[in-house]
Protein chains: 2
Amino acid sequence: MGSTPFLRLDDAVLTRNIRAMADAAAALGVSLRPHAKTHKCPQVARLQVDAGAVGLTVATIGEAEVFAGAGFDDLFIAYPLWVDADAADRLRTLGDRGVRLAVGCDSAEAATNLAGLPVEVLVEVDSGHHRTGVAPASAGDLAVRIADLGLAVRGAFTFPGHSYAPDGRSPAATDEGTALATAGEAMAASGVPAQVLSGGSTPSAEFVEPGVLTELRPGVYALGDAQQVELGTIGFEGVALTVAATVVSHAGGRVVTDAGSKALGADRAPWASGYGRVLAVPDARIVALSEHHSTIEWPDALPGLGTQVLLVPNHVCNAVNLADTYHLADGGTWPIAARGRNC
Amino acid sequence: MGSTPFLRLDDAVLTRNIRAMADAAAALGVSLRPHAKTHKCPQVARLQVDAGAVGLTVATIGEAEVFAGAGFDDLFIAYPLWVDADAADRLRTLGDRGVRLAVGCDSAEAATNLAGLPVEVLVEVDSGHHRTGVAPASAGDLAVRIADLGLAVRGAFTFPGHSYAPDGRSPAATDEGTALATAGEAMAASGVPAQVLSGGSTPSAEFVEPGVLTELRPGVYALGDAQQVELGTIGFEGVALTVAATVVSHAGGRVVTDAGSKALGADRAPWASGYGRVLAVPDARIVALSEHHSTIEWPDALPGLGTQVLLVPNHVCNAVNLADTYHLADGGTWPIAARGRNC
């Protein structure tokens, strides 16, 4: 082990990824509000805003605090927050600092907690992922309940998470468009029209049709990961973030490295080929993972003990959240400032 | 969200768990060297040593540095380290501070890097988990290679990780005993006798037969987790560590909380019933997990929005590694001092 495992960030690939999504959003005529829970890093967020992003998406109040502290002043907490007294104080503090803040909501009960706070609200609708959100046709009713509390309703949002499946990308984009169109119509009919209809995941983004969405919130696209490679969203050349690992054993005729689930994360979708991939060795498969071991079936002659290899995590958001620092390919480090900010 | 998710540590259960394993090791006539990668916390380690542990097991040099800094002076890095120049410097520094240090080894090449360092060495043998380690009958040959480098060979160790399977606990303990007996015989025949034959995982510990092992290295037993519950190692009353979460949505007639894979970890063994369990609600099932959402099918009337519930992670080692602090059930906090110390 020694100096591995660590996160290696190829800033040339990162820059290219950020530019490509900014161009795609511009071509589509929608705003881009990248999800910063993926990278948790103000330096990456700055590149995104400099490329034209209108603001950032975050998942928690804690992430909002980190990015507000780094000077980002337009933040959407895309989560159906349950705001207790402590959370209300923290949202007020963010408002007092001049941050333009929006939050998600999928129930009248949760909306009640938001009354009087310096936040705009987006109604969350379920576009087929079946996690949180109201039925799109109910968005108007909830929007009225929120507006009646004196809150500004910015619009509606959804996360088409069912895009994370083989052959799921295009259908999820279609579902997303249909759901947001329905929500928009329901809100208009209720007299609380949506200014923003916000959607977007990295796998579905390329299949969004013009005309409904006004905002995209992809996150993973900046860094890339093995899930995106295996879903066909990107090739290996789109992977900016890898875990540098050292070969520590050849037990059983396989490669064992020192990057395990405490470095790569333990995510493994049912359709994944393994626990991650190996950059530049597409036929290698990570067949087992312990906390400090990854076991790799290698397609040809094994790399020698002590060799450094670059592993691609299945789900980059969770891998990044395990480390404190990015090591840039061209030298230097960036802090993962919002690591662990779960609340 | 607000103040959840956070790690809640029931110190009464923790103390009982630590006492029970200490008693079991004493009854078996073996030394106990608990694995500190589970809890990463000097306060927990102190309870273990006060209950009779001979020292600690750790996974990385970084963990060794944290526990040495907290005053623990007998540490075994149970890992086949590949020691580069930086790692060698760090091991020398630990030796200079008076730490009695041992490391694992499963190849002559890795042993070469250890020559001249202030470490004893344990040969790693594979007892059926098929991760790292040499075949038990080869332990004598490797021990001779290590001894020829001028290094002190303390003995042999194994991790019977195939105990993590339904009906795997007792057979893995048998395999472990057989492998360590074979390794001990091979080392004696080679003229490098083992002083220590070290094994033990939490699921297999109760099935260890007296007579072969001299040392046990379980880790999870101190905190407990859903995997141990589902393997039958413990009941829910043995779970000391939970993730406190808030119900944020009732979408789809299910409970959605704010503790996702960034709080619980994403571990899910093929035999697990879900992504964790709910303390005190044995019939609830966590059927989906996102980074900041757990979706729970609840057996009866749903707890109201805003209710705090206690979730049991599948794999406590990875859940602990996501947080910086334990919140004790009887008040106060303990730092997770070795969080993220992967190298």
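Two residues are in contact here if their C-beta atoms, placed from the backbone, lie within 7 Å. With that in hand, let's look at how chains A and B meet in this predicted model. Of the interface residues of chain B, 100% are also interface residues in chain A, so the two copies meet through the same surface. After the interface come the sheet of chain A, the strand pairs of chain B, and a helix pair in each chain.

**How the two chains are related**

- Two copies of a chain are related by a rotation about an axis and a shift along it.
- In this model, a turn of 180 degrees with a shift of 0.0 Å along the axis lays chain B on chain A, and the RMSD is 0.0 Å.
- That is the relation of a two-fold axis.
- Within chain B, Ala266(B) has the C-alpha nearest the axis, at 2.6 Å from it.

**What the chains bring to the interface**

- Chain B gives 55 residues to the contact, and chain A gives 56 residues.
- On the side of chain B that touches chain A, the elements giving two or more residues include three helices you may want to find first: H4 (85-96), H5 (108-114) and H10 (261-264) of chain B.
- Helix H11 (316-320) of chain B is also among them, together with strands S4 (74-80) and S10 (241-249) of chain B.
- By class, the residues on this side of chain B are 22 nonpolar, 22 polar and eleven charged.

**The open sheet of chain A**

- Chain A has an open sheet of eight strands with parallel pairing, in the order S2-S9-S8-S7-S6-S5-S4-S3.
- Strands S2 (31-32) and S3 (56-58) of chain A stand at the edges with a single partner strand each, so one side of each is left without a neighbour in the sheet.
- At the S2(A) edge, two bridges join S2(A) to strand S9 (residues 215-216) of chain A, and these strands run parallel.
- Ser31(A) has Glu215(A) in S9(A) as its bridge partner.
- Helix H3 (residues 61-69) of chain A packs on the sheet, where it touches S3 and strand S4 (74-80) of chain A.
- The direction of H3(A) makes about 170 degrees with that of S4(A).

**Strand pairs around S15 in chain B**

- Strand S15 (residues 308-312) of chain B is joined to S10(B) by four bridges, and the two run antiparallel.
- Here, Ala244(B) has Leu310(B) in S15(B) as its bridge partner.
- Strand S12 (residues 277-278) of chain B is joined to S15(B) by two bridges, again running antiparallel.
- For Arg277(B), the bridge partner in S15(B) is Val312(B).

**The H3 and H4 helix pair**

- In chain B, helix H3 (residues 61-69) packs with H4(B) at an angle of about 25 degrees, and their axes are 11 Å apart.
- H3(B) and H4(B) are therefore roughly parallel to each other, since the angle falls under the 35 degrees that sets this class.
- The crossing of H3(B) past H4(B) is left-handed.
- H3(B) makes the contact with Ile61(B), Ala64(B), Glu65(B) and Ala68(B), while H4(B) uses Ala87(B), Arg90(B), Leu91(B) and Leu94(B).
- This contact of H3(B) with H4(B) has six nonpolar, no polar and two charged residues.
- In chain A, the axes of H3(A) and helix H4 (residues 85-96) come within 11 Å and cross at roughly 25 degrees.
- That makes H3(A) roughly parallel to H4(A).
- H3(A) passes H4(A) in a left-handed crossing, with Ile61(A) and Leu94(A) among the residues that make the contact.

Notes: Residues are numbered from 1 along each chain as its sequence is written. Chains are lettered from A and ligands numbered from 1 in the order in which they are written. This is a predicted model: local features need pLDDT of at least 70, side-chain atom pairs count only at pLDDT 80 or more; totals for chains, interfaces and linings use all residues. Copies are superposed by least squares on the C-alpha atoms of residues with pLDDT of at least 70 in both. Two strands pair if DSSP finds at least two bridges between them. Axes are lines fitted to C-alpha atoms, for helices over the stretch in contact, and angles run from 0 to 180 degrees between N-to-C directions. Ala, Val, Leu, Ile, Met, Phe, Trp, Tyr, Cys and Pro count as nonpolar, Asp, Glu, Lys and Arg as charged, and the others, Gly among them, as polar. Angles under 35 degrees count as roughly parallel, over 145 as roughly antiparallel, 65 to 115 as roughly perpendicular and the rest as oblique. A crossing is left-handed if the near helix is turned anticlockwise from the far one by less than a right angle, and right-handed if clockwise.
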